[in-house]
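Let's take a walk through this protein together, with the sequence in one hand and the 3D view in the other. Please have both open before we set off.

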Amino acid sequence: MFKRLPGDEARNLVSTTPDTAVVFRPAVVKTPAILTIVILIGRMVARLVRTIWRHPIAAAVLVVLGALWYVYGWPVAASLTGTVVMALASWTFLDRPSFARLVGYRLLAWWRLVWIYRRHWQPVMIVSGLGRHIRGRDYLPRLGKVTCTSWADVVTVRMLKGQAVKDWADRTDHLAQGFGATSCRVALSHAGRLSLTFPRSDPLASPLLALAIPDEPTVGPVEIGKGEDGRPWRLKVHGTHVLVAGATGAGKGSIIWSVIRSLLPAADAGLVELWALDPKLMELSYGRALFGSRYAATPEECADLLDEAVCVMQKRAARFAGLQRSHTPTVVDPFVLVVVDEVAFLTAYQSDRQLRQRISAALATLTTQGRAVGVGILAALQDPRKEVMNIRNLFPDKIALRLDESEQVDMVLGDGARDRGALADRISPVPELGAGVGYVRLEASPGPVRVRAAYVSDHDIRAMVDAYAPRGEAA
Ligand SMILES: Nc1ncnc2c1ncn2[C@@H]1O[C@H](COP(=O)(O)OP(=O)(O)OP(=O)(O)O)[C@@H](O)[C@H]1O
Ligand SMILES: [Mg+2]
């Protein structure tokens, strides 16, 4: 049907009156000026109410200052403002952390909401394609609260109806550039609501020195580095198996050595046994004395040591059967941690087929049955593809250090991990900046968490050997 709308082209229209133009005029409704004024005032009041609702403290401060000025004059208002500013400054000086927590980060969040996010929201949304401009009207996702932590801004957003998390995950780069951050991470907080994390600074930008060896024997989650929120990174090794994937030079050694370092007191107390498989002969051989006779380098020795671990595991399982369902490390039944550097040398790249099958079978047996009886595996490898490591899914915990290709990230951390911000393929190849940096999934966090392992230097390893190698075996 022909629609009489302004701007529509009147095609196929035949006029029976020659030389007469067919003109369509839009209907013009004249709005009384008073109605326009009332609407504008209504909008201003609504905006004012919304501002007071969203920033009650800032509004209260302004009202109180205004009232003081009005009642007692400007000197009183100015001297009160000065006193409050002085008090806040001394608080910062005396106890910075509590000031930051209670006042500083709130002020910063307010400032960043107003100056960064609200100011740039409309252009960034429209240009990135997350908002729509239809018939002169903007339909934008709703900007919610901004919370500042020591290292990042967390911005809550209500998505437009019909949008998916993936729409946002695909545009993290647009968001990061738009709001002047180096990266952006997207996580779903409630149905229809997202939280976007924009880092302000990077606490992992410089290498971390080896952490102090714990005073008490501990087998529980061991501290091996720092998370991007500045908190300690604790890795669970007892009751799980851990796979560390990273390209050459990514810093796999620093994770292996940090774990060994923090388990040394427990090993000294007899609660942990460290077994080492070092097919490349370059990593664990440096602290060989720490492993006593439980050190293997040639493929044959590695296969024998793995078979021995399977034997320990099966004997324990037979003893525990019907009595206990989980393992508590004791001197009689210590936690056995089998550390394997470059596991692919033993599985995929091993030319002797029989040996390869024997090793693969032992690794699969240990990863499927060892957890509950106190036998764990910590394995490192460079290439996480299935052809190279077909049992990678038998490792409950995985760490993605720097990887060569973006597809490898999801292979290590599970589907969608890269979309949610695990940019392991973008970690710097410069050792000072990127070695030991990686992404992990923690139970407490919906998205992947960026971490950095402490660097255990050759000198540290020598000191560890001197202090903890079993007697008579120290180098
Ligand atoms: N946590 C770290 N912090 C800072 N620098 C590190 C860290 N870990 C390693 N490095 C530096 O990076 C270099 C390579 O580290 P490492 O040997 O652990 O890598 P890798 O992943 O084991 O590599 P490859 O697969 O070739 O054995 C080290 O020589 C060291 O200089
Ligand atoms: Mg290595």
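Helices here are DSSP runs of H or I with at least four residues, strands are runs of E with at least two, and both are numbered from the N terminus. By that naming, Ile-39 is found in helix α1. Please keep in mind throughout that this is a predicted model.

Ile-39 makes a good starting point. Is it buried or exposed, or something in between? Ile-39 counts as partly exposed because its relative accessible area is 43%, which falls between the 20% limit for buried and the 50% limit for exposed. It also has company: together with Ile-34, Leu-35 and Val-38, Ile-39 forms a nonpolar patch on the surface. The accessible area of these four residues together comes to about 370 Å².

From the patch, let's turn to the largest pocket. It holds about 1900 Å³ of space. Its lining is made up of 44 residues, and those closest to the pocket centre are Arg-54, His-55, Pro-56, Trp-110 and Leu-113. Where does the lining come from? Helices α1 (33-54), α2 (56-72), α3 (74-94) and α4 (96-128) each supply at least two residues, and so do strands β3 (142-148) and β4 (152-158). Which element gives the most? That is α4, with ten residues of the lining. If you colour the lining by class, you will find 27 nonpolar residues, six polar ones and eleven charged ones.

Charged side chains bring us to the next stop. How many salt bridges does a search of the whole structure find? The total is 19, and a few of them are worth a visit.

Begin with Lys-166 and Asp-170, whose closest N and O atoms are 3.0 Å apart in their salt bridge. Lys-166 is partly exposed, with 46% relative accessibility, and Asp-170 is also partly exposed, at 45%.

Next come Asp-229 and Arg-231, where the side chains meet in a salt bridge with an N to O distance of 3.0 Å. The two partners fall into separate accessibility classes: Asp-229 is partly exposed at 29%, whereas Arg-231 is exposed at 57%.

The pair of Glu-342 and Lys-280 has an N to O distance of 3.4 Å. Why is this pair said to tie parts of the chain together? Glu-342 sits in the loop between β12 (335-340) and α9 (353-369), and Lys-280 in the loop between β10 (272-277) and β11 (295-296), so the salt bridge ties together parts that are 62 residues apart in sequence. Glu-342 is buried, with a relative accessibility of 4%, while Lys-280 is partly exposed at 31%.

Salt bridges can also join into a network, as you can see for Arg-185, Asp-202, Glu-228 and Arg-450.

Now stay with those two loops and look at the backbone. Most residues other than glycine have a negative phi. Glu-342 has a phi near 50°, a positive value in a residue other than glycine. The loop between β10 and β11 holds another case, Leu-281, where phi is near 65° and thus positive in a residue other than glycine. Are these two residues buried or exposed, or in between? Leu-281 is partly exposed, with a relative accessible area of 49%, whereas Glu-342 is buried at 4%.

Our last stops are two pairs of residues that you can compare along the chain and across space. Val-165 lies in helix α5 (residues 165-169) and is partly exposed, with a relative accessible area of 28%. Val-165 and Ala-417 are 252 residues apart in sequence, and their C-alpha atoms are 13 Å apart in space.

The other pair starts from Gly-438, whose place is in strand β15 (residues 437-441). Is Gly-438 buried or exposed? With a relative accessible area of 0%, Gly-438 is buried, since buried means under 20%. Between Gly-438 and Ile-399 there are 6.7 Å in space, C-alpha to C-alpha, and the two are 39 residues apart in sequence.

Key
Residues are numbered from 1 along each chain as its sequence is written. Chains are lettered from A and ligands numbered from 1 in the order in which they are written. This is a predicted model: local features need pLDDT of at least 70, side-chain atom pairs count only at pLDDT 80 or more; totals for chains, interfaces and linings use all residues. Side-chain values use heavy atoms; hydrogens and water are left out. On a 1 Å grid over the protein atoms alone, a cavity is a set of points where a 1.4 Å probe fits but cannot get out, and a pocket is an open set with protein on both sides within 12 Å along at least five of seven lines; lining residues have an atom within 4 Å of a point. Grid points are joined across faces, edges and corners, and a volume is the space filled by probe spheres set on the points. Ala, Val, Leu, Ile, Met, Phe, Trp, Tyr, Cys and Pro count as nonpolar, Asp, Glu, Lys and Arg as charged, and the others, Gly among them, as polar. Patches are made of residues with over 30% relative accessible area and no salt bridge: like charges are joined within 9 Å, nonpolar side chains (Val, Leu, Ile, Met, Phe, Trp, Tyr) within 5 Å. Accessible areas come from the Shrake-Rupley method with a 1.4 Å probe; for residues, only the protein chains shown count as cover. Buried means under 20% relative accessible area, exposed over 50%, partly exposed in between (1.4 Å probe, protein chains only).
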